[in-house]
Amino acid sequence: MSIIQVENLVKRYNGVEAVRGVSFDVREGEVFGFLGPNGAGKTTTISILCTLLNFDSGVASVNGFDCRKEANKVRSSIGLVFQEVTLDNDLTAYENLKFHCYMYNMEKKLAEKRIDEILSVVGLNDRRGDLVKKFSGGMKRRLEIARGLLHRPKVLFLDEPTLGLDPQTRSHVWEFIKNLKKTEGNTVFMTTHYMDEAEACDRIAIIDNGRIIACARPDELKRAIKGDTIYIKTANDEKARLEIDEKFSLKAKKTDAGLSLLVDAGEKFIPRLFERLTVEILSVNLKKPSLEDVFINLTGREIREYGPPPQRMRG
Ligand code: ATP
């Protein structure tokens with residue numbers, strides 16, 4: 001069953017199309033990732049779904065509520081964690097959560113029960129009385145996610161949840177997001193430009209230049225790239241290149257470190273290479289297709305070729 005439905009969504013900023021007719025749906029209980037380079041339209045789309053931004057045409061609904069006509073119902077059924085830290089540094093973790101419950105008009109006893117539960121979920125129960133300014137980046141992010149979950153939203157929206165965090169903290173936050181599905185049964189919609197995060201989603205939509213260029217499970221997208229890359233270094237690369245052409249009818253490319261060639265099933269091909277090449281092989285590396293390769297295949301560019309994030313004003 002679809003919990004988010006988007007059809008032909010268009011958003012223009014001063015006449016410039018940032019989102020150009022995007023359509024997709026998110027199923028209940030899945031972790032759905034929106035992957036794309038800076039400026040692709042990820043934040044714009046997530047802001048529309050969270051009813052923070054108007055759109056020009058198309059249809060968007062969350063939890064069965066229309067994002068334009070039933071914005072209040074959408075808002076009360078979602079949790080939201082944006083890129084910027086929005087916690088109050090001079091309040092404790094507990095006070096930050098309490099304030100959120102107050103804003104959501106939650107009854108006092110229920111609020112306290114939920115705060116207790118959620119602090120355990122994010123592993124911050126023993127730090128509940130500490131001022132947020134003493135927290136690390138990862139702890140703050142976990143607290144923000146906890147706050148986003150307090151009113152038991154069916155869908156949790158996360159915009160670049162691990163942006164700016166160190167690798168270890170990123171992996172902790174990510175583990176926690178994956179667990180949410182098991183512990184809280186949430187649907188998670190997140191944006192990212194990190195390939196490894198996108199790999200861990202149940203399904204991803206790849207967005208580029210305001211358009212969705214692919215939407216499927218990460219393994220399905222990678223399977224569409226036919227071929228593994230084998231990197232080899234030999235005692236005589238030029239001779240090896242000629243032998244590969246002659247014996248396997250394959251064109252190996254010269255690289256800085258040796259040769260590379262595209263084959264169907266790399267693990268089966270490597271033993272044959274050892275068997276038939278007369279040149280001594282010094283090293284072999286097998287690379288399965290990655291989401292980066294999927295992106296290159298679809299757009300002809302690398303995601304990381306893009307420059308730093310563009311300056312943005314919200315609204
Ligand atoms: P990032 O990873 O940098 O957050 P993104 O994929 O989220 O990028 P968006 O922020 O949605 O991309 O931006 C999509 C396009 O719309 C970009 O070209 C951006 O410059 C433009 N844009 C975004 N917000 C505004 C705004 N408030 N006014 C004008 N243009 C905007």
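## Domains

In this predicted model, the domain assignment splits the protein into domain 1, covering 2-219, and domain 2, covering 226-288. Taken over C-alpha atoms, the centres of domain 1 and domain 2 are 44 Å apart.

## Nonpolar cores

Let's turn to the nonpolar packing. The largest nonpolar core has 45 residues, and the members that touch the most others are L143, I145, L158, I204 and L221. For a closer look, take I145: beyond its neighbours within four places in sequence, I145 is in contact with V81, L156, L158, V173, F176, I177 and L180.

There is also a second, separate core, made of 28 residues, with I3, A40, A60 and F189 among them.

## Aromatic pairs

If you enjoy ring geometry, the structure offers 8 aromatic pairs. One of them joins F24 and F189: the ring centres lie 5.9 Å apart with the planes at 25°, and because planes under 30 degrees apart count as stacked, this pair is stacked. The two partners come from distant parts of the chain, 165 residues apart, with F24 in strand β2 (residues 16-27) and F189 in strand β8 (residues 187-192).

Both partners are shielded: F24 is buried at a relative accessible area of 6%, and F189 is buried at 0%. F24 and F189 also belong to one aromatic cluster together with F32, F34 and F157.

## Charges over rings

Two contacts between a charge and a ring round off the tour. K11 places its charged end over the ring of Y13, 5.2 Å from the ring's centre. R276 lies over the face of F248, at 5.2 Å from the ring centre.

Terms used: Residues are numbered from 1 along each chain as its sequence is written. This is a predicted model: local features need pLDDT of at least 70, side-chain atom pairs count only at pLDDT 80 or more; totals for chains, interfaces and linings use all residues. Side-chain values use heavy atoms; hydrogens and water are left out. Domain bounds come from an automatic or database domain assignment. A nonpolar core is a set of buried Ala, Val, Leu, Ile, Met, Phe, Trp, Tyr and Cys residues joined through side-chain atoms within 4.5 Å. Buried means under 20% relative accessible area, exposed over 50%, partly exposed in between (1.4 Å probe, protein chains only). Contact means heavy atoms within 4.5 Å. Rings of Phe, Tyr and Trp (its six-membered ring) pair if their centres lie within 6.5 Å; planes under 30 degrees apart count as stacked, over 60 as edge-to-face and the rest as tilted. Helices (H or I, at least four residues) and strands (E, at least two) are DSSP runs, numbered from the N terminus. A charge sits over a ring if NZ of Lys or CZ of Arg is within 6 Å of the ring centre and within 35 degrees of the ring normal.
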